[in-house]
Amino acid sequence: MHDKTDQHDVLLERRGTAAIIRLNRARALNSLTLDMVRTVAAALDAFAADPAVATVVVMGEGERGFCAGGDIRALHESGRTGTALAENFWRDEFRLNHRIATYEKPYVALMDGITMGGGVGLSSHGRHRVVTERTRFAMPETGIGYFPDVGATWLLAHAPAEIGTWMGLTGLEVGPADVIHAGLADVQVASFQLPELIETLAELPRGALSRDVDSVLKNLGADPGRGPLRANHDVIEPIFRLNSVRAIAEALHANGSDFADKTLHAMSTRSPTSLVLTLRLLREGKQSRSLAECLRREFGACLQILKSPDFYEGIRAALIDKDRNPDWSPARLDEVKAETIDAFFQPADVPLSL
């Protein structure tokens, strides 16, 4: 049975026992709006309650990406004008991230193409995470004066061998092999086999379990090989376990390998405030008891980021003027004040029920 409902920016489809959620803003790389977040959340509730639905599949329309993140322009405008949109977006998005992490039915995310920011929140918290040879994964927030959110301070903090710390600080893209190695995806399937995967899932019986989906994925899975982050374990692990950004930068400089030099160059273009904030959030995440604890902490930091000049400058340089030349304030790591970072961790009235 095929049954499709057009929700404009989100398409909902029933195919056999599979319910399919398609993000439908291909021109915007399926970046998320508040309405999209709410539509996906409502769909998950409806599918959870429907006994005819065995599995839920989430994917992006178009061939370029699964989801490039949140609608940063809208958040920028909300912060500038003082509207409630940014706060409402983050609250509802983080609730959705937690819902995905605790979802009661098999949840399958097809991370084909660009999967960044909010797209990571829609996928890596799920039970079954599928990458393809086209996957371009990143948490690039330090490059726009922001920090890895959507529960990434839980996910990245628990990745092996400090790979998550490398991802969070550099914001650089990672391919499918390293996404799997980092524990942020489960299996690689060739992009041309995704229609076959969906059809096979649609044929599963009602009440199918995660192990049934695992069996389907195992049959279609391919060897992802060895990615560059895994190959550079001996550089990443000892350096990115250090507990200050300055110490990490100095160790990268002293290492002198091509990989270390490229890593250091990437970090040198990021907001110094964002780098220091991100490292502290990741270290706090590693000590946290749950994803919910990290999401609450991130939400409080989001409210503070609206007061940060780097947030607006980063988005200006990346998305508005597109000069790719942000003027960070402060411009140097040694000028980032402890009280500036402490402000992101002040007790706040965080209306986030998880």
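Here are some numbered notes on this structure, which is a predicted model.

1. Let's start with the sheet. Three strands make an open sheet, ordered β5-β7-β9, and the pairing is parallel. The edges are β5 (65–67) and β9 (136–138), each of which pairs on one side only. From one strand to the next, the twist averages 15°. In general, strands of a sheet pair through backbone hydrogen bonds, either parallel or antiparallel.

2. Zooming in on one edge: β5 and strand β7 (residues 114–116) run parallel and are joined by 2 bridges. Across from Cys67 you'll find Thr115 in β7. Is Cys67 buried or exposed? Cys67 is buried, because its relative accessible area is 0%, under the 20% cut-off for that label.

3. On to the cysteines. How many disulfides does a search of the whole structure find? The search turns up 0 disulfides. For Cys67, the closest cysteine sulfur is in Cys302, 16 Å away, so that pair is too far for a bond. Cys302 in turn has its closest cysteine sulfur in Cys294, at 13 Å, which is again too far for a bond. For reference, a disulfide needs the two sulfur atoms within 2.5 Å. Cys302 is buried too, with a relative accessible area of 0%.

4. Cys294 and Cys302 both sit among the buried residues of α15, so that helix is worth a look next. Of its 15 residues, 12 are buried, so α15 is largely enclosed by the rest of the structure. The buried set also includes Arg297, Glu298 and Gln304, alongside residues such as Leu291, Leu295, Phe299 and Ile305. What do the buried residues of α15 pack against? Their partners are α3 (85–101), α5, α14 (272–287) and α16.

5. A quick geometry check on α15 (residues 291–305): at 1.5 Å a residue, its 15 residues should span 21 Å, and the end C-alpha atoms are 20 Å apart, which agrees. The same check works for helix α1 (residues 34–49), where 16 residues should span 22 Å and the end C-alpha atoms are 23 Å apart, so the two values agree.

6. Which residues of α1 are buried? They are Leu34, Met36, Val37, Thr39, Val40, Ala43, Leu44, Phe47 and Ala48. When you read that list, keep in mind that an α-helix has 3.6 residues a turn, so residues three or four places apart point the same way.

7. Now for the backbone oddities, beginning with the loop between α5 (152–155) and α6 (163–170), where Ala161 lies. Phi of Ala161 is near 55°, a positive value in a residue other than glycine. Glu162 is in that loop between α5 and α6 as well, and its phi is also positive, about 65°, although Glu162 is not a glycine. As for accessibility, Ala161 counts as partly exposed because its relative value is 24%, whereas Glu162 is buried, with a relative accessible area of 11%. The cut-off between those two labels is 20%.

8. One more thing to have a look at is the peptide bond joining Ser329 and Pro330: cis, with omega about 5°. Where is Pro330 found? Pro330 belongs to the loop between α16 (309–320) and α17 (338–342). Helix α16, at one end of that loop, is also among the partners that the buried residues of α15 pack against.

Methods. Residues are numbered from 1 along each chain as its sequence is written. This is a predicted model: local features need pLDDT of at least 70, side-chain atom pairs count only at pLDDT 80 or more; totals for chains, interfaces and linings use all residues. Side-chain values use heavy atoms; hydrogens and water are left out. Helices (H or I, at least four residues) and strands (E, at least two) are DSSP runs, numbered from the N terminus. The expected span of a helix is 1.5 Å times one less than its number of residues. Buried means under 20% relative accessible area, exposed over 50%, partly exposed in between (1.4 Å probe, protein chains only). Two strands pair if DSSP finds at least two bridges between them. Axes are lines fitted to C-alpha atoms, for helices over the stretch in contact, and angles run from 0 to 180 degrees between N-to-C directions. Contact means heavy atoms within 4.5 Å.
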